[in-house]
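Work through the exercises below with the sequence and the predicted model side by side. Each task is followed by a solution that goes step by step.

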Amino acid sequence: ERRAGETVKWSFRVLDHHLRFELRFVASAQPPSAPLPLSAASESSVAASAGAGYSLVKEEKASELEGRFSAERDGALEFTFDNSFSFLRGKSVIMRCAPVESVSL
């Protein structure tokens, strides 16, 4: 669960081969009245409307990605790793997701 104003850095690496990957933000509260503009850039800051999920990153064949996300509303990040196109070949994934500490002056 992310709070409005929080920023997280995330990364993952598939040890062998690749898989499908999607990162979504699901905002808390009411459904949005207008769709959210999407950004495929992994280092961008993305705003989310309340109540709906929005795809932030979607890759068909990913072996390594990293990015940063800043929440403008409370909500949750959903990381999906999909190996269904190659279910006979198992995959090992190393993933990190950590808050970025703000610096006060």
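**Exercise 1.** Decide whether Arg 24 is buried, partly exposed or exposed, and find which residue forms a salt bridge with Arg 24.

*Solution.* Arg 24 has a relative accessible area of 25%; since buried means under 20% and exposed means over 50%, Arg 24 is partly exposed. Next, look for the acidic partner: Arg 24 forms a salt bridge with Glu 78, and their closest N and O atoms are 3.7 Å apart. Arg 24 belongs to strand β2 and Glu 78 to strand β5, so this pair ties together parts that lie 54 residues apart in sequence. Glu 78, at 35% relative accessibility, also counts as partly exposed.

**Exercise 2.** Find which residues are linked with Arg 20 in a network of salt bridges.

*Solution.* Begin with Glu 60, which forms a salt bridge with Arg 20, the closest N and O atoms being 2.9 Å apart. Glu 60 lies in strand β3 and Arg 20 in strand β2, so the contact joins parts 40 residues apart in sequence. Then add Asp 82, which is linked with Arg 20 and Glu 60 in the network.

**Exercise 3.** Determine which strand gives the largest share of the largest nonpolar core.

*Solution.* The largest nonpolar core has 15 residues, and Phe 21, Leu 23 and Phe 25 are among those with the most contacts inside it. The elements that contribute two or more residues are β1, β2 and β3, and the largest share, five residues, comes from β2. As a closing step, inspect Leu 23, whose contacts include Trp 10, Leu 56 and Leu 77.

How values were computed:
Residues numbered from 1 in each chain as written. Predicted model: local features only at pLDDT ≥ 70, side-chain atom pairs only at ≥ 80, totals over all residues. Heavy atoms only, no water. Core = buried A, V, L, I, M, F, W, Y, C linked by side-chain atoms within 4.5 Å. Buried < 20%, exposed > 50% of the residue type's maximum accessible area, 1.4 Å probe, protein only. Helix = DSSP H or I, 4+ residues; strand = E, 2+ residues; numbered from the N terminus. Contact = heavy atoms within 4.5 Å. Salt bridge = Lys/Arg side-chain N within 4 Å of Asp/Glu carboxyl O. Lists of a residue's contacts leave out its neighbours within four places in sequence.
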